[in-house]
Amino acid sequence: MTMTKKDALLLAAKELFGEYGYSETTFKKISERAGVALGLLTHHYGNKEKLFLAAGLDVLDRFIVYLQDACAKGNNGYESVMNFCRAYLDFSIDKNEHFMVLVRCSPYSDMKTKTDRDIMYEKFNQVPRELEYHVRRGIEDGSLKSLPAYETTTVLTCNLVGSIRTKLLTPYAPPSLYDDVLEFISRSIKA
């Protein structure tokens, strides 16, 4: 399938936002990377903030589907939670998924319009809600310890986010970090 100019611009934007962050990514850099005329960026996306929102939503949509597919393979709550955690970590290092757009850039909370903020907030919240569903499932089916579901979900999410930031943004991550985190999570929640 041939990539449209709009798709090429979105792909270039995801690559550059992930490499350089929001403030260092310019329309000029994006159009040059995509090999598309600069004017088409404005035509298709309006402004940098709208393009960033489109890039972030694209990554998040793929991420959520990836997590849901992984969870669906679990035979019980514990397996689904562990599948979620492994998929979360795996997605973060898959270069084709452009996860760094979500890690390196954080103007989502500073978006100018309330509508854009609300759209991104709702999309981001689908991730912990998916995890919480499977935590509750595991508590109910007895495969997880009887723990407070919301708080457990929050702590698991913090462990995942912290390990990703350590692995991707610092020189301190041991090679086995993701496996160590998964082992820790398993010991902490398994019934």
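Me: In which helix do Glu183 and Arg187 both lie?
Reply: In this predicted model, the two residues are 4 positions apart, about one turn of the helix. Their side chains meet in a salt bridge, with N to O at 3.9 Å. The helix that holds both Glu183 and Arg187 spans residues 177-189 and is α9.

Me: Is Arg187 buried or exposed?
Reply: A residue counts as exposed when its relative accessible area is over 50%. Its salt-bridge partner Glu183, at 42%, is partly exposed. Arg187 has a relative accessibility of 52%, so Arg187 counts as exposed.

Me: Which residues are joined with Lys14 into one network by salt bridges that share partners?
Reply: Side chains of opposite charge can pair when their charged atoms come close. The structure holds 10 salt bridges. Salt bridges with shared partners connect Lys14 into one network with Asp58 and Arg62.

Me: How many residues apart are Asp61 and Lys123?
Reply: Asp61 and Lys123 form a salt bridge, and their closest N and O atoms are 2.6 Å apart. This pair links distant parts of the chain, with Asp61 in helix α4 (residues 48-72) and Lys123 in helix α7 (residues 114-141). The separation of Asp61 and Lys123 along the chain is 62 residues.

Me: Is Lys123 buried or exposed?
Reply: The limit for a buried residue is a relative accessible area under 20%. Asp61, at 34%, counts as partly exposed. Lys123 has a relative accessible area of 18%, and therefore Lys123 is buried.

Me: With which residue does the side chain of Arg129 meet in a salt bridge?
Reply: Arg129 is partly exposed, with a relative accessible area of 41%. The partner is partly exposed at 38% relative accessibility. The N to O distance in this salt bridge is 2.6 Å, and the residue that pairs with Arg129 is Glu122.

Me: Is α2 roughly parallel or roughly perpendicular to α3?
Reply: Two packed helices are described by the angle between their axes and the distance between the axes. Helix α2 (residues 27-34) and helix α3 (residues 38-45) have axes 8 Å apart and pack at an angle of about 105°. That angle makes the arrangement of α2 and α3 roughly perpendicular.

Me: How many residues of the contact of α2 with α3 are nonpolar?
Reply: From α2, the residues in contact are Phe27, Lys28, Ile30 and Ser31, and they meet Leu38, Leu41 and Thr42 in α3. Of the residues in this contact, 2 are polar and 1 is charged, while the number of nonpolar residues is 4.

Me: The backbone oxygen of which residue is reached by the side chain of Thr25?
Reply: Thr25 lies in the loop between α1 (5-24) and α2. Thr25 is buried, with a relative accessible area of 1%. Leaving aside residues up to four places away in sequence, Thr25 touches Leu16, Phe17, Tyr20, Ile30 and Lys48. At a distance of 2.7 Å, the side chain of Thr25 reaches the backbone oxygen of Gly21.

Me: What distance separates the C-alpha atoms of Ala34 and Leu11?
Reply: Ala34 lies in helix α2. Residues up to four places away in sequence being left out, Ala34 touches Ala8, Leu9 and Ala12. Ala34 and Leu11 are 23 residues apart along the chain, and the separation of their C-alpha atoms is 7.6 Å.

Terms used
Residues are numbered from 1 along each chain as its sequence is written. This is a predicted model: local features need pLDDT of at least 70, side-chain atom pairs count only at pLDDT 80 or more; totals for chains, interfaces and linings use all residues. Side-chain values use heavy atoms; hydrogens and water are left out. Axes are lines fitted to C-alpha atoms, for helices over the stretch in contact, and angles run from 0 to 180 degrees between N-to-C directions. Angles under 35 degrees count as roughly parallel, over 145 as roughly antiparallel, 65 to 115 as roughly perpendicular and the rest as oblique. Contact means heavy atoms within 4.5 Å. Ala, Val, Leu, Ile, Met, Phe, Trp, Tyr, Cys and Pro count as nonpolar, Asp, Glu, Lys and Arg as charged, and the others, Gly among them, as polar. A salt bridge is a side-chain nitrogen of Lys or Arg within 4 Å of a carboxyl oxygen of Asp or Glu. Buried means under 20% relative accessible area, exposed over 50%, partly exposed in between (1.4 Å probe, protein chains only). A polar contact is a pair of N or O atoms within 3.5 Å; within protein, one must be able to donate a hydrogen and the other to accept it, and residues adjacent in sequence count only if both atoms are side-chain atoms.
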